[in-house]
Every structure is written in structure tokens, then in C-alpha cells.
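Thanks for coming. I will take a few minutes to walk through one structure, beginning with a single residue and then moving on to helices and strands.

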Amino acid sequence: MKRYLILEDGSSFAGEGIGSNIISTGELAIQTSNFGYQEALTDPTNAGKILVFTTPMIGNSGINAIDYESIDPTVKGIIANDVALNISDNENFQDLNSFLKEKKIPAIFNVDTRALVHRLVQNHMIKASIMDTDDEHSFDQIKALVLPKNKSATVSTKNAYAAPNMGKSVAVIDLGLKHSMLRELSLRKVNVTVLPYNANPVDVENLRPDGIIISNGPGEPDEVLSVLSPILNKFYKKLPILGIGLGFLAISQYLKLELVKLPQSFNGINYPVIEQNSDKIWQTSMDIDQLILQDSVKFNMNQEFFDLHTELLAGYTIEEDRVIATAFNPEGAPGSLDAMEVFDHFLKMMEK
């Protein structure tokens, strides 16, 4: 079945449609991972995006029960060069096409993704739709559409819940967290309570936590800082705080660091960062569109991570303030395990 990806600039790309046969509109995003398509399309940070996979083929390993980052994905569609429609006959795996139909996600393959990516790198953000036609009416529709704001409110849990264990207690503010982050905390015996994005200081205080994590998620720091500021005002310097992804951006804006829009959003697993004190290079996973201008840092940081592509600050530790913030995802999933020690560092902060 022929379907079209149409862009707000008036261009269109034809391909073969699979998955759900619905019309869908979202923000087009380049997904540079060469593996881990299941994690990418179930990551809440990708809420509202139509993902363009640059790897030549996706779908060949199917969908399994372990690699979900959320049970109900919130991506608006996927675009690929090629899709494996058949996988090995194994009852533990589901083929990608069936999964997309079940989750009501449209997809198009046999698209010239190289040409599409070349067009995308010239724009910071571009609206796109997956449709059955590419007529003038379709382009008028997408131009008139306004993309939703405050996506964290839509993907965050509505009610607090526990992921129990026997160690230190941590309150996680859910801006769009990944299941793999909870898994890494569980492996370290951390007793977790997950709170909604708009939790208040009393909600946190009642848990008597040893630390706070502000998770990754979709959207802009402006959209969440108003609800996070009361928590930061009360607990900053008093409890260890770890911010990841959107949490990193929110903490950085709270500290009045200057955030710089990236020429093209990072959305993949192949982003090297260098730890300045040791010159150690980590290969990291990022889903982010802003990093920090180093010249805006007016206080001492014990640890700094710089993105090698832009030389912008992508992570830091302030021991005196008991804070760690990283633009990259320490849990990877998909991606390298290089940054896992961030969780260990955070645990040591709580043990002091």
C-alpha cells in the first residue's frame, strides 16, 4: 500500500505503508542508532516525533518483552529505508509490522532516507505527516497544525508508584523516564518511588528519600521548570540530585547556565563525550536538542563532560552542591554501557 510522508516545506516522499493505516502528524527526527529500534520507538523522550531511521534496515530481530522503554509508545510514526517483514518463528518475539498495528503507529519504508536526512539537517525542527495522499489539501493541513507543548505532562505517570528494593531510597520525578533506568537502579538495590512530573515538595518530603532523580523526557525545560523549581528550591544542596536529559536541561536552567540550541538535535547512540579531568572518552546515547555554553559557567565543577562534536558542555558534577547532571542517558538502552558509572557515582553521593 502506497503512503506518503509530507513535509511542511511542500516536499513529499513516497513509500510502502505498514503498521497502522492512520493519518499521523509530528515533529520529524533523525534516529541515528544502528541498532535498538525497539528502545528508540518506545522511549517516551521521542513522544510526538516521526522517527527517520538512518540504519539500512530495521525489524529483523522483532519485538521482545525485555527491550520496552515504555509499554505504550508515543511516537507518531517511523520512516525507514527497509523493514524486515518476516522474522524467525519464535513465540517470544513479535514482528515489527504486527507491533505497529497493535500500538496504532503508522510507518513507511522504501523511502530514500539519505535524501530525507539531507533535507532535515538544514532545519532545526520540521513538521511532517504520514498520509494516503500528497495533494494540496494535505499540505495546507500540516501548515495549519500546531504541535503540542508540555509533552512531559502526557507521558509522565499520573499516579505515584513504587519499584521496591532494599537499599537507599530515591524519589524519581517522571518527566518521561525509561524502564531501563529503573532496571539499573534496581540492580543497585535502590528503593525507588516514581512521582508525577508535577509532584510538589511535600510529596517528595513525605518519602524521606536519600536522593532525587529528575528523569529524561520530551519537551523543553521552560515547560517543566515551573513545577520543578519548588522541589529544587527545597532540596538543592540538601539531598543528592541526579538530572538526566530533560532533567539535565531543567537543572542547568535553574542554575542560570546558558543553553544553546544544537544545529541538529541529537537522537541516537553514537555521541562521544570527553571527561575533562581524565581525558576519558565515553560513547553515549542522547535524545536532546540543547547543550551548555561553557563560558556561562561561573562556579567550580568537579567533573565536566564535553560533546566532541560541538565542544559544548554535556554533563557535570558539583560535589559541594551534591548534584550530577548529564545530557546523555547513563543507562544507554540502546547504546554503550560507558556511562553506567554515573549511577554508581550518584549512589556514593547518597552514602556520604
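Let me start with Ser70, which is buried, with a relative accessible area of 11%. Keep in mind throughout that this is a predicted model. Ser70 sits in the loop between strand E4, residues 49-53, and strand E5, residues 77-79. Which residues does Ser70 touch, not counting residues up to four places away in sequence? They are Thr42, Pro44 and His179. With Thr42 there is also a polar pair: a polar atom of the Ser70 side chain lies 2.6 Å from the backbone oxygen of Thr42.

The two strands on either side of that loop belong to a barrel. It is closed, has seven strands, and runs E1-E2-E6-E5-E4-E3-E7, with mixed pairing. From one strand to the next, the twist averages 35 degrees. As background, strands of a sheet pair through backbone hydrogen bonds, either parallel or antiparallel. For E1 and E7 the sense is antiparallel, over four bridges. One residue to look at here is Leu7, whose bridge partner in E7 is Ala128.

Now the helices against this sheet. H4 packs on it and touches E1, E2, E3 and E7, and the direction of H4 makes about 140 degrees with that of E7. Helix H3, residues 113-120, lies across E1, E2, E3, E4 and E5, running at about 125 degrees to E4.

Back to H4, residues 136-144: which of its residues are buried? Ser138, Phe139 and Ile142 are. These residues cover an arc of only 95 degrees around the axis, so they are on the same side of H4. Strands E1, E2, E3 and E7 are included in what covers them. On the other side of H4, the exposed residues are Glu136, His137, Lys143 and Ala144.

Helix H10, residues 341-351, can be read in a similar manner. Its buried residues are Val342, Phe343, Phe346, Leu347, Met349 and Met350. Their arc around the axis is only 155 degrees, which puts them on the same side of H10. Lys348 and Glu351 are exposed on the other side.

Last, the nonpolar cores. In soluble globular proteins, nonpolar side chains tend to be buried together. The largest nonpolar core here has 70 residues, and Ile173 and Tyr316 touch the most other members. Apart from that core lies another, of 20 residues, including Ile18, Ile58, Phe99 and Ala107. As for Ile173, its contacts include Leu195, Tyr197, Val204 and Ile231.

That is the end of my tour.

Note on methods
Residues numbered from 1 in each chain as written. Predicted model: local features only at pLDDT ≥ 70, side-chain atom pairs only at ≥ 80, totals over all residues. Heavy atoms only, no water. Buried < 20%, exposed > 50% of the residue type's maximum accessible area, 1.4 Å probe, protein only. Arc of directions from axis to C-beta. Polar contact = N/O pair within 3.5 Å; in protein donor to acceptor, adjacent residues only side chain to side chain. Contact = heavy atoms within 4.5 Å. Core = buried A, V, L, I, M, F, W, Y, C linked by side-chain atoms within 4.5 Å. Pairing = 2+ DSSP bridges. Axes fitted to C-alpha atoms, helices over the stretch in contact; angles between N-to-C directions.
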